[in-house]
Amino acid sequence: MLFNTYDPWKFAFSKSSESIDDVEEEAWGIIGVPFDSTTSYHSGARLGPIVVREASYGFEMFNIDFNTNLDTDFYDFGDSNVIPGNCVATVDLVKSNVAELMSHKIKPILIGGEHSVSIGAVEALKNRYSNLTVVHLDAHRDLADTFMGERYSHATVMRRIHDLKVEELIQIGIRSSSSEEEAFANESPNIKTFRSNEVKNHIDNILYYLSQIETPIYLSIDMDVLDPIFAPSVGNPTPLGITIQDIQDIMECLAAKNIVGMDVVETATDRLGDITAVAASKLVYDFLTLM
């Protein structure tokens, strides 16, 4: 499946290999997912993989924020095929691609694309890790059971992931939710919430909570978790968000844990050099530097 992909260009500093069989075990593998067919407000996330990759060429091999070089083994396998207008089929394609990476002991990094693409990645990982914990950074809960009559969409992604019976769903940066989603979260003992104002005022408490995780972790970052001053070009921008520094602190805490996959989604712009694309690229770059 991974060889039936197109390759706009590679993320900066990624390694190359003529065959996936030659890739080092435990390396990271980037897959773009250019899909945004369930977007309900600002479209354009299907172009996220292109602009995020392009922005990566503005960074140095040395990451001054963490005082370390980007020496992690990682490869860019191009973009997954998607089926425009068909979220379920696209999720299945993502699941297949991530499963193929895992069969070669490669850990996935998804660049979206709308948030629904995370379902496929988590489903593939859950088949390997029965006690998977999902750390979800987002302005929105994404816990609706259906949205506009659809069970699979950017607004239902975490409900579908919760349906997979993950060990715990930790939601950070939340500042927008329906009453139904709030009720579901409050009634679910394996959903933990840290609202946006808690990140601002009590980040140490959040980092301590994350430091206690003992299971494999999937990290999912919706770019709208950031305040729109840092990331305006997203599907659903929401004021009073968190900062890039906050996400760096969270990543640095989780770096000591067993992270088995991650994604950065909802960059919605067609403009090279867009501040949101640069921020998203920085987060992927920071993550790889810490691994």
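Which residues have the most contacts inside the largest nonpolar core? In this predicted model, they are V135, I172, L210 and I221. The core itself has 49 residues. Helix α9, residues 275–290, supplies the largest share of them, with 9 residues. Nonpolar side chains tend to be buried together in soluble globular proteins.

Take L210 as a way in. Set aside its neighbours within four places in sequence. L210 is then in contact with V135, I170, I172, I250, C253, L254 and K257. Two of these partners, V135 and I172, are themselves among the residues with the most contacts in the core. Apart from this core lies another. That one has 29 residues, including V91, L110, V157 and L169.

Now turn to charge. Side chains of opposite charge can pair when their charged atoms come close. The whole structure holds 16 salt bridges. Three of them are worth following in turn.

Start with R46 and D36. Their side chains meet in a salt bridge, at 2.4 Å from N to O. Both residues lie in the loop between β1 (28–33) and α1 (48–55), so the pair ties together parts that are 10 residues apart in sequence. Are the two partners buried or exposed? R46 counts as partly exposed because its relative accessibility is 36%. D36 has a relative accessible area of 5%, so it is buried.

Next come D65 and K282. The closest N and O atoms of this salt bridge are 2.7 Å apart. The pair links distant parts of the chain, 217 residues apart. D65 sits in the loop between β2 (62–63) and β3 (68–69). K282 sits in helix α9, the helix that gives the largest share of the 49-residue core. D65 has 42% relative accessibility, so it counts as partly exposed. K282 has 15% and therefore counts as buried; the cut-off for buried is under 20%.

The third pair is R141 and E182. Here the closest N and O atoms are 2.4 Å apart. R141 lies in the loop between β6 (133–137) and α4 (157–163), while E182 lies in helix α5 (residues 179–187), so the salt bridge ties together parts that are 41 residues apart in sequence. R141 is buried, and E182 is buried too.

Some salt bridges share partners. Which residues do they join into one network? They are D145, R151, R160 and D163.

Notes: Residues are numbered from 1 along each chain as its sequence is written. This is a predicted model: local features need pLDDT of at least 70, side-chain atom pairs count only at pLDDT 80 or more; totals for chains, interfaces and linings use all residues. Side-chain values use heavy atoms; hydrogens and water are left out. A nonpolar core is a set of buried Ala, Val, Leu, Ile, Met, Phe, Trp, Tyr and Cys residues joined through side-chain atoms within 4.5 Å. Buried means under 20% relative accessible area, exposed over 50%, partly exposed in between (1.4 Å probe, protein chains only). Helices (H or I, at least four residues) and strands (E, at least two) are DSSP runs, numbered from the N terminus. Contact means heavy atoms within 4.5 Å. A salt bridge is a side-chain nitrogen of Lys or Arg within 4 Å of a carboxyl oxygen of Asp or Glu.
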